[in-house]
Amino acid sequence: MLRSTLLSISILLFSWITSFCFGQEQGTVYSFKNITSDQGLVHNHINCSLRDQYNYMWFGTESGLSRFDGLQFTNFRYSSNKGFGLSSNRISALFEGPGEQIWIRTHSKMNVYDQKKGVIIQNIDSILQTWNLPIGDPQIIRHFEDDEYAVLYSDNSFMLTHTISKKTRKFSPLKNQKIVDVVNYSKESFWIIYENGLTQLVQKKTWKILKQFSLPASKQRVTYGLFIDREGDLWIYSKDVPIGVFWVRAGSDEISHIKEQLSNVFVGSIVQDEQGLIWLATDHGGINVFNKKTQSIIVINHEAYNLRSLPYNSITSLYKDPKGIIWVGTYKGGTSYYHPNLLLFPVYQNYAGYAKTLPFDDVNRFIQDQNHNLWIGTNGGGLLHYNFQDKVYKQYLHNPNDATSLPSNVVVSLYLDQKNILWVGTYHGGLSRFDGKSFKTYNKGADRLPDDSVWEIFEDSRGRFWVGTLSAGLYLFNKDTETFSTYRSREGKTISSTYVSVLFEDSKNNIWVGTATGIELIWSNGEIHQFNEKEGKLRLSNDLIYDIKEDELGRIWVATQEGINIIEDETIQYLNTSDGLIDNAVLTLIKDNKGNMWASTAKGLSEIVPNQNAKQFVIRNFTKEQGLQSNVFNENSALKMDNGQLIFGGPNGYNIIDPNQILGSKENITPVLSNIYLFNRKINVGERVNGKVIYDEALTNVKKLELPYDQNAISLELSSFNYLQQDNRIYQYQLDGLSEEWFDFETGTMKANFTNLDSKTYRFYIRHSVDNESWSEKTLLLTLVIEPPFWRSNWALLLYILISISCIYLWQAWVKLRTKTRNQLIMVKEQALQAKELEELKTRFFTNVSHEFRTPISLILTPSEQLLKEETDQHKKENLRLINKNASRLLILVNQLLDFRKLEKNQLSRMDEYGDLILFTKEQIEPFFQLAEVNSLRIEVIYNRDHYFGNFDKGKLESILFNLLSNAIKFSRSGGTIHITITIKEQNDDLDIWRLEIKDQSSGIPEEYL
């Protein structure tokens, strides 16, 4: 037992060391990207993985289900709703079953995620019936061929169903034996394995057993797993018992038992990669990669010093998706995934305690010698030499006690001259010449450099040795006399800047000097011409120059703080972030063997590929996600090696890049709509907002979305499924109906925001480009309808039309009524005018008649008064008095008619006379006694005094008495009594009051006479 344990430990240790050393020699062999709950995964214990037809990745965990689109997660957990949601948080298996739905095996039972409705269904009886499957609890679902599926139930039922024909056949397993797994072998047959280890190859058509064998007997019932590789070989494993793995070769009865070679004998999952290697997931032993040809194993496990290694050695699941990505589920480390093109750039860094790793990470310069070995200048770690054959670094450091040592540990420039002598420029250490054994240093002193910081070293085609400094300008070094001299032109001028950042000789033997104030171009005849951003025909985008290179067309590429300037003859072209560069501040330029230009920045790398006309460029950007040592690179820390590979260095080591291997993503996946936000709140499928369901199916199937008018602030989020992070396409969107302009998505997301949308129909389009110049055809993803409020709806419009028609009708009716009423009023007015005229005519007639009556009445009164005076006969005299009185009464009536006419013309006025009011009243009442007797009436008069003298209008008072007494006699009943009471009440400070009160016994004056 002890020997076996020691052997296992030895094997593990050897495998781990081998993996590490190999990884450090050529870059990491298997580099992974790790995803944990920190990025949104629902739980770090992964049990299973699946990629669906829409390219979403699904992860079943110990505590829920996660869906991943390459950027963000959507998580599902247990729901107490018995109809929808997970029935249990523990997910043990995921299958893409009939109808391309996701079948989720939970701890309690099988659930189904409906891809069309976007919900998880707990009760799947109706779904089973749809595919003509018996109702039950499916345990395993395997896709065989096209429309053929095998369904293994928890009660040991095994069904084979065709989803198109919906024909289902039942396979009868052995009695008292449970089938634990099934896998398709060919169109005609499949493998099954029982829990006792009996394995059978079964013909689909007849259920005939074509082949069978038994594994070594186990004392317990074992849950085995089956896997068929591309060659048709069968692999048998179990995560529950330490059996290792059984390898059954196709077309042979040979069975190989692989156990002792494994880092751990508990194997829980198997996949085959694109190279045909078999990956075995082990418990606490990492991944064992088995080569069937050599029958050798490489162990991939967690490396504490390597962030790109597996996060955990306990592997719970392996899954290779249709795109060739291998997804690794771990016990506590979340999920990791691998692809040969996942990390494009092998990285070389320092790992403490391991001698063969890079001794110091911060790398400034590279140079390759005649032996093809690499010299590396570091920012504090001295000078490094790397022997590619021995794969060993040698470090040269400054020793204050040794004058022949490196003068400074900060190496900022390296150069190999025409005699293959290495020259080293340092920061505050001067210039050194290295002969392979010792350093000879040239620093401050007579005939030497005034500045010990040597930034650039260069030997031109004429053998002149140039030295650029940090703060003292440009010098020429005479290697024979070992003296320095300031460079001067033929006119004796020096360069205008004291800082030299780059020295470069073009194909015309001109020397280009990059400085902090632009470019000093030293022509072959010795003249100096200056370029800067303020003066001259060719103006630079910025004066701070980082690097200068020449391409195959003779164009000069200048790296500045504000992009790249391309100088060709008398023209200059600018490249910056608007053209696709990852950053404007370009630190280093390198031209590869394909003619493409590579640019390092503080935000990553850009590969600039010229189009056919060489005037436009396709720019591809790379970041740390593709394996770069960091997004930040150091100035001038780059080199093209003899084999065409490129080296770029930064603060965390360096990358070696093979441009021929950078092919880009071959996938062309159209993004899909993944999330909808209303007022920055995520809306789930079936969710109600103000009583309205926004959408009731999966967003991948939503083509039209209708929103109420008050939900007009919407964000649309897309999933691009860029798992390898190598899709350099630029995506833009357009909302037709809002604007014809195309917009970029939010940085780092695929999210488009819209606010205050009017009530109308919009169409959401996307397009993509790789060069920001030529664009793909636009793709319609969603039709968005913002419904108008009720008062702007079609029904409201119809109501407004009806109301308008009604108003017009009512207005016309009112106009007609108004016209009719006006006409009636005019008619009434005319009738009234006619009546008035008639009345006036009558009045005038009566007035005229009255005037005519007055004359004869006056002629009657005068003789009657004369006769009354002359007559002595008392009887005749009495008659004459009666004639005279009635004639006087008639005259009064005539005068009243004349007064009425005056009253109508407002010409009536009082005519007061002084007299005895009581006596006058008696005289007026007296004639009515005879009239009362005639009508059988009796008049009683009561006076409160005998005489009262004053001014009063006798005519009007007479008219009043006459009218009142006439009416009283006229309307009184026969035999009645008329009571007349006349009282005078004197006032001290005011007019006296004369009161006349007449009471009769009549029924009153009828209303028609009032």
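Begin with the whole protein chain in view: of its 1010 residues, 49% count as buried. Keep in mind throughout the tour that this is a predicted model.

**The whole chain**

Colour the chain by secondary structure, and you should find seven helices and 72 strands. The radius of gyration is 59 Å, well over the 30 Å that the globule rule gives for 1010 residues, so the chain is more spread out than a compact globule. If you turn the C-alpha trace to lie along its principal axes, it spans about 190 × 105 × 55 Å. With a surface switched on, the accessible area of the chain comes to about 50,900 Å², and 50% of that belongs to carbon and sulfur atoms. As for how the chain meets itself, among contacts between residues at least 6 apart in sequence, 52% join residues at least 24 apart.

**Strand 17: Ser214 and Lys211**

Next, select Ser214, whose place is in strand 17. Ser214 counts as exposed because its relative accessibility is 53%, and the cut-off for that class is over 50%. Show its surroundings as well: leaving aside residues up to four places away in sequence, Ser214 touches Gly197 and Leu198. For a sense of distance across the model, draw a line from the C-alpha of Ser214 to that of Leu628, which lies 414 residues away in sequence and 50 Å away in space.

Stay on the strand and select Lys211 together with Asp253, whose side chains meet in a salt bridge with an N to O distance of 3.8 Å. This pair links distant parts of the chain, 42 residues apart, with Lys211 in strand 17 (residues 209–214) and Asp253 in the loop between strand 20 (245–248) and strand 21 (255–258). The two partners can be compared on the surface: Asp253 is exposed, with a relative accessible area of 67%, whereas Lys211 counts as partly exposed at 24%.

**Further salt bridges**

The structure holds 29 salt bridges, and a few of them make useful stops. Select Glu274 and Lys320, where the closest N and O atoms of the salt bridge are 3.2 Å apart. Glu274 lies in the loop between strand 22 (267–272) and strand 23 (278–282), while Lys320 belongs to strand 26 (residues 315–320), so the pair ties together parts that are 46 residues apart in sequence. Glu274 is partly exposed, with a relative accessible area of 44%, and Lys320 is partly exposed as well, at 25%.

Then select Asp229, Glu231, Asp233 and Lys292 as a group, since these residues are linked in a network of salt bridges. Move on to Asp460 and Arg464, whose side chains meet in a salt bridge at 2.7 Å, N to O. Is Asp460 buried or exposed? With 2% relative accessibility, Asp460 counts as buried, because the cut-off for that class is under 20%.

**A nonpolar patch on the surface**

For the last stop, select Tyr709, Phe790, Trp791, Trp795, Leu797, Leu798, Leu799, Tyr800, Ile801, Leu802, Ile803 and Ile805, and show their side chains on the surface. These residues form a nonpolar patch, with about 1,300 Å² of accessible area together. Centre the view on one of them, Phe790, which is placed in the loop between strand 67 (779–786) and helix 3 (794–870). Phe790 counts as exposed, at 56% relative accessibility.

Notes: Residues are numbered from 1 along each chain as its sequence is written. This is a predicted model: local features need pLDDT of at least 70, side-chain atom pairs count only at pLDDT 80 or more; totals for chains, interfaces and linings use all residues. Side-chain values use heavy atoms; hydrogens and water are left out. Patches are made of residues with over 30% relative accessible area and no salt bridge: like charges are joined within 9 Å, nonpolar side chains (Val, Leu, Ile, Met, Phe, Trp, Tyr) within 5 Å. Accessible areas come from the Shrake-Rupley method with a 1.4 Å probe; for residues, only the protein chains shown count as cover. A salt bridge is a side-chain nitrogen of Lys or Arg within 4 Å of a carboxyl oxygen of Asp or Glu. Helices (H or I, at least four residues) and strands (E, at least two) are DSSP runs, numbered from the N terminus. Buried means under 20% relative accessible area, exposed over 50%, partly exposed in between (1.4 Å probe, protein chains only). The radius of gyration is taken over C-alpha atoms; the globule rule is 2.2 Å times the number of residues to the power 0.38. Contact means heavy atoms within 4.5 Å.
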